[in-house]
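Dear colleague,

I am passing on a structure that will be new to you, and below it I have set out what was found. Please look through the model first and then read the notes alongside it.

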Amino acid sequence: MAVISDKMIAAWQTRIKHEDFNVKVYLAMSNWLNLSGFPGAAALWKKYAEDERIHKEWAVNFLLDLNILPIEPSQEEPQTKFKGLPNIITLTFEREMKTTEEVKELAALSLHEGDIISFGLAQKYVNEQVEELAKA
């Protein structure tokens with residue numbers, strides 16, 4: 001029997017999937033920026049991708065610590081063509097707003113479930129999103 005509910009396990013698996021997709025999106029943006037003559041911006045978006053990989057690992061390690069097998073996601077490919085640096089900035093902000101809503105829902109679900117164990121990590125994601133929105 002797991003320490004957290006099946007509903008929470010599914011929510012954490014979704015968080016892993018979404019963070020993994022964020023990694024791919026930011027790497028695609030970094031690659032486009034690099035080829036379009038924006039090496040400094042490309043390096044910054046590559047760092048953003050690494051930050052997202054770390055966020056994914058938070059959820060992976062959380063499940064592993066609870067003796068729950070995390071699922072490595074397979075998913076659609078991200079957009080690879082952009083209209084320019086302003087477009088990438090706008091898309092980044094939109095992605096971070098979407099992620100903020102997702103982690104707020106995760107925190108709310110953990111409270112609704114009475115899952116204080118999950119709430120601790122969910123709150124870490126919520127706090128991280130404040131920084132993410134500021135950077136975007």
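For the 136 residues of the protein chain, a compact globule would have a radius of gyration near 14 Å, and the chain has 16 Å, which agrees. Please keep in mind while reading that this is a predicted model. Along its principal axes, the C-alpha trace spans about 55 × 25 × 20 Å. The secondary structure comes to four helices and zero strands, so that, from the N terminus on, the elements run α-α-α-α.

As for how the chain is packed, buried residues make up 46% of the 136 residues, while 79% of the contacts with a separation of 6 or more are between residues 24 or more positions apart. The protein chain exposes about 7500 Å², of which carbon and sulfur atoms supply 59%.

The helix I would like you to look at is α4, which covers residues 116-135 and reaches 29 Å from its first C-alpha to its last, close to the 28 Å expected at 1.5 Å a residue. Its buried residues are Ser118, Leu121, Ala122, Tyr125, Glu128, Gln129 and Glu132. Because they cover an arc of only 120° around the axis, they lie on the same side of α4. These buried residues pack against α1 (6-35), α2 (39-65) and α3 (85-112), whereas the face turned away from them carries the exposed residues Ile116, Val130, Glu131 and Ala134. At the start of α4, a side-chain oxygen of aspartate 115 reaches to within 3.2 Å of the backbone nitrogen of isoleucine 117.

With best wishes

Methods. Residues numbered from 1 in each chain as written. Predicted model: local features only at pLDDT ≥ 70, side-chain atom pairs only at ≥ 80, totals over all residues. Heavy atoms only, no water. Helix = DSSP H or I, 4+ residues; strand = E, 2+ residues; numbered from the N terminus. Expected span 1.5 Å × (residues − 1). Buried < 20%, exposed > 50% of the residue type's maximum accessible area, 1.4 Å probe, protein only. Arc of directions from axis to C-beta. Contact = heavy atoms within 4.5 Å. Polar contact = N/O pair within 3.5 Å; in protein donor to acceptor, adjacent residues only side chain to side chain. Rg over C-alpha atoms; globule rule 2.2 N^0.38 Å. Areas by Shrake-Rupley, 256 points an atom, 1.4 Å probe, with all protein chains shown as cover.
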